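Hi,

Here is the structure I promised to pass on. Have a look at it first, and my notes follow underneath.

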Protein chains: 2
Amino acid sequence: MPNHFTPHAAGDLNYLKSLNRSTILSTVRRYPGLSRADIALRTGLTKATVGSVVNVLGERGWLREGELHARGGGRPGRSLYLDGEQHVMLGAEVGVKGLRVVACNLLGERLASQRLDVSPTMPEETAAMLARLIEALLGDPAIAARSCLGLGVALPGPVAPQAPILRLAPNLGWVDVDFLALLRAELDSPAGVWLLDNEANAAAFGEFYFIQGTPPESIAYLSAGSGIGCGVVSGEHFPVIPRGHQGLVGEIGHTVLVADGAPCHCGNHGCAETLVSGWMLRESLGVAADASLSASLLARLDEPEVSAALARAGRALGLLMLNLHHTLNPSMLILGGSLMRLGAPLVAPALAYFDAHQNDLLRQSQRVPVKVVEDSTFTAACGAAAQVMARAAIEV
Amino acid sequence: MPNHFTPHAAGDLNYLKSLNRSTILSTVRRYPGLSRADIALRTGLTKATVGSVVNVLGERGWLREGELHARGGGRPGRSLYLDGEQHVMLGAEVGVKGLRVVACNLLGERLASQRLDVSPTMPEETAAMLARLIEALLGDPAIAARSCLGLGVALPGPVAPQAPILRLAPNLGWVDVDFLALLRAELDSPAGVWLLDNEANAAAFGEFYFIQGTPPESIAYLSAGSGIGCGVVSGEHFPVIPRGHQGLVGEIGHTVLVADGAPCHCGNHGCAETLVSGWMLRESLGVAADASLSASLLARLDEPEVSAALARAGRALGLLMLNLHHTLNPSMLILGGSLMRLGAPLVAPALAYFDAHQNDLLRQSQRVPVKVVEDSTFTAACGAAAQVMARAAIEV
DNA sequence: CAGGATTAGTTAATGCTATTTACTAACTCT
DNA sequence: AGAGTTAGTAAATAGCATTAACTAATCCTG
């Protein structure tokens with residue numbers, strides 16, 4: 001049944017059309033420069049179907065034709081590309097340490113961005129600040145000249161699957177916030193789709209959506225910042241984020257690793273976040289709330305206490321990666337979040353632990369690739385923009 | 001893209017037709033006795049579409065008409081039911097302690113069953129034994145008189161997502177077994193679909209497929225036997241088992257709960273199975289391989305060592321249930337597997353731990369329902385039969 | 001008990017979809 | 001220049017769900 005994440009019920013011909021349009025778009029996104037005939041071959045659709053869909057997408061400014069193919073024999077095909085000039089999607093992130101706003105084109109390229117390094121307090125106030133950032137972005141003539149497909153917002157907590165509402169953000173102290181409504185009160189534009197999602201989900205979506213070449217079956221984006229989140233995406237042509245009953249799929253930060261262990265922000269004990277997370281490192285190593293965690297700790301690396309704490313946290317992160325493989329089993333793992341700025345002192349022990357503790361089943365198959373995103377400042381915001389594009393593609 | 005689990009690529013009209021047929025079938029399955037008009041209202045399809053699909057399904061022996069509705073005013077509708085008389089599906093399970101075979105009708109009712117309590121040794125030999133059981137079942141005149149939709153087989157290990165092949169069954173000692181091919185060599189009938197899946201996935205599918213009334217968003221079937229497995233199913237009208245890259249989704253038995261803990265069968269250390277599983281209880285409490293674990297332990301409950309071990313294992317099971325909620329987040333949890341025969345000494349501590357350690361997020365929402373299946377002897381086999389039905393419905 | 005109201009279900013026409021088939025277009029090679 | 005080859009388009013076709021108009025079967029009212 002349709003909800004705010006998946007807009008239409010299956011059953012009618014529109015659904016079929018959307019599906020095929022999304023399939024063709026994802027093929028062009030993954031393999032820029034294919035001709036109509038290549039797409040038909042690759043997707044199994046007929047030349048006629050591909051031709052008509054491509055032509056409509058061209059008229060609407062989604063696709064453009066490029067140079068001619070010069071393969072021996074026969075009429076050359078016209079190569080096709082996503083049109084990076086006509087449309088934009090806006091993406092925003094409300095993070096524990098700041099607000100970020102981006103404008104991306106259909107290629108996923110960041111055309112402009114704004115950031116404000118403040119710690120959000122009340123939802124209303126935060127919405128107002130974010131609205132000003134978005135207005136500033138829309139004031140940019142290069143952005144204003146384009147057609148805007150909509151706005152996606154990423155927040156550091158689970159979003160209800162039934163409605164675009166933030167359930168709980170322990171690290172902001174927010175509960176049941178209808179953030180899009182607060183934004184609407186401050187902001188008229190852009191027209192188009194407005195979406196809300198969890199930060200890790202948005203980041204995961206963006207990373208998956210703009211992958212080039214054959215996409216992995218699924219990816220997990222493990223976001224290690226103040227808290228630990230994880231987003232999963234799968235689906236070749238129609239990427240889907242599994243959310244579960246309460247939107248908690250991938251909330252591995254609150255899986256219990258130590259029965260009756262240290263108390264966690266979430267009200268339970270012994271969660272993964274008590275072993276590895278920004279807030280735990282801050283508390284245990286005494287870093288002030290207003291100081292940069294990574295800068296402070298990197299400056300204190302010669303203290304044995306600090307390096308040992310990072311190594312310990314790193315091993316916990318490696319263990320989490322391992323557990324992820326036995327519960328969500330993604331075909332690719334992406335590490336992101338502000339803790340990645342700590343670099344090798346945290347990441348090396350994580351990867352080492354992950355490598356050393358593979359069991360027979362994992363050893364038997366190819367090692368799952370791990371990608372580390374060192375600077376994920378705009379990753380979630382760009383991912384939210386990608387979600388807008390995917391949604392808009394359904395309705396073109 | 002199509003594979004042995006999901007047969008057709010989206011894009012053509014057949015796909016749409018299958019989708020609508022499945023939608024209508026699942027509505028009748030969940031709400032027996034609805035009329036065509038009720039179905040149209042409930043699914044959003046038009047009366048004409050529902051009528052034509054229902055009539056075809058009736059001709060093919062999937063649906064039958066029942067009594068007339070007697071609602072005040074207007075022409076009464078003809079109630080519709082799945083036809084339990086025409087078709088059968090066969091399901092089989094190869095378990096660590098025995099083979100089971102069942103024949104079910106479209107209502108999910110077990111019409112006949114066969115069991116053989118032996119511990120499987122070689123795959124070939126096991127396939128031969130299973131083939132004899134199936135032949136015995138097909139020899140039953142009540143079964144032979146019906147049209148058979150196919151055969152589903154459940155095995156205690158992950159099945160590759162790309163091909164119907166068992167990857168690894170640590171508790172059988174099997175690796176990369178093409179079990180359906182071995183069966184084919186022994187068995188001609190039944191015609192129709194032949195499927196292979198993991199035992200927990202099959203059980204989960206069956207439990208979800210035949211749920212009456214509004215189905216939960218998703219369920220997880222936690223199978224606690226010799227090992228610990230878990231299957232997940234979601235999708236209202238078109239139930240899907242998320243499998244992940246290597247078919248390991250839900251393999252929480254091998255999530256690590258104790259860093260560098262006790263050695264596990266899987267080659268790693270500190271897995272959940274080292275804290276709760278049949279093999280671990282057997283080893284730690286000295287129960288012979290050929291004795292019934294549950295019977296032996298229930299007889300020794302007055303030994304403090306035994307009751308303490310069960311309580312400890314129970315708490316670990318509760319912790320696993322909690323972690324399940326933060327990774328796969330099902331809306332309903334079903335506990336099954338042979339360990340459930342231990343009853344309260346194991347299950348009560350599990351439920352108590354689960355209840356006592358809910359965090360703020362879970363506390364905030366309605367408690368997730370937990371169902372305990374005391375006797376799951378035929379659950380996986382019936383689930384495999386349900387998978388056959390779902391697949392056959394696509395192709396009717 | 002006749003006739004209106006109401007709901008169930010079917011039928012025929014319609015519009016939209018992808019597919020099929022046949023075509024034109026554009027290039028290379030000989 | 002002409003044959004061969006591949007790309008792309010156009011018109012005809014088949015299949016799908018929908019629409020709108022119909023028939024069917026019941027209840028209710030007077």
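How many salt bridges does the rule count over all chains? The count comes to 24, where a salt bridge is a side-chain nitrogen of Lys or Arg within 4 Å of a carboxyl oxygen of Asp or Glu. Before the rest, some housekeeping. This is a predicted model, in which local features need pLDDT of at least 70 and side-chain atom pairs count only at pLDDT 80 or more, while totals for chains, interfaces and linings use all residues. Residues are numbered from 1 along each chain as its sequence is written, chains are lettered from A and ligands numbered from 1 in the order in which they are written, and side-chain values use heavy atoms, with hydrogens and water left out.

One of those salt bridges joins A:Glu85 to A:Arg146, with 3.8 Å between the closest N and O atoms. A:Glu85 sits in the loop between strand S2 (78-82) and strand S3 (87-95) of chain A, and A:Arg146 in the loop between helix H5 (141-144) and strand S6 (147-155) of chain A, so the pair ties together parts that are 61 residues apart in sequence. (Helices, H or I of at least four residues, and strands, E of at least two, are DSSP runs numbered from the N terminus.)

Now the two protein chains. The contact between them takes 59 residues from chain B and 59 residues from chain A, contact meaning heavy atoms within 4.5 Å. Together they bury about 4800 Å², 55% of it on carbon and sulfur atoms; buried area is the accessible area (1.4 Å probe) that two parts lose on being put together, summed over both. In chain B, the residues that lose the most area to chain A are B:His326, B:Thr327 and B:Leu361, which together make up 12% of what that side buries. The rule finds zero salt bridges across this interface, but it does find 14 residue pairs in polar contact, both at pLDDT 80 or more. A polar contact is a pair of N or O atoms within 3.5 Å; within protein, one must be able to donate a hydrogen and the other to accept it, and residues adjacent in sequence count only if both atoms are side-chain atoms. On the chain B side, H1, strand S7 (166-169), strand S8 (174-177), helix H10 (304-325) and helix H12 (360-364) each supply at least two residues. That side divides into 25 nonpolar, 24 polar and 10 charged residues. (Ala, Val, Leu, Ile, Met, Phe, Trp, Tyr, Cys and Pro count as nonpolar, Asp, Glu, Lys and Arg as charged, and the others, Gly among them, as polar.)

On to the DNA. Strand D is surrounded by 26 residues, the closest being A:Lys47, A:Gly74, A:Arg75, A:Arg78 and B:Asn20; a residue is near a strand if one of its heavy atoms lies within 4 Å of it. Polar backbone atoms of chain A reach phosphate oxygens of strand D: at 3.2 Å from A:Arg36, at 2.9 Å from A:Ala37 and at 2.6 Å from A:Arg78. H1(B) gives the largest share of the surface near strand D, four residues. By class, that surface has eight nonpolar, 11 polar and seven charged residues.

For DNA strand C, 26 residues are around it, and B:Ala37, B:Lys47, B:Gly74, B:Arg75 and B:Arg78 come nearest. Of the strand C atoms within 4 Å of the protein, 65% belong to sugar or phosphate and the rest to bases. Side-chain N or O atoms of chain A lie by phosphate oxygens of strand C, at 2.9 Å for A:Asn20 and 3.2 Å for A:Thr46. A base oxygen of strand C is 2.8 Å from a polar backbone atom of B:Arg75. H3(B) gives the most to the surface near strand C, with four residues.

Last, the domains of chain A. The assignment, which is automatic or from a database, gives domain 1 (13-82), domain 2 (87-204 + 379-395) and domain 3 (213-372). The centres of domains 1 and 3, taken over C-alpha atoms, are 39 Å apart, yet seven residues of domain 1 are in contact with six of domain 3. These two domains bury about 620 Å² between them, 53% of it on carbon and sulfur atoms. A:Ser22, A:Arg30 and A:Tyr31 supply 60% of the area that domain 1 buries there, more than any other three residues.

Cheers
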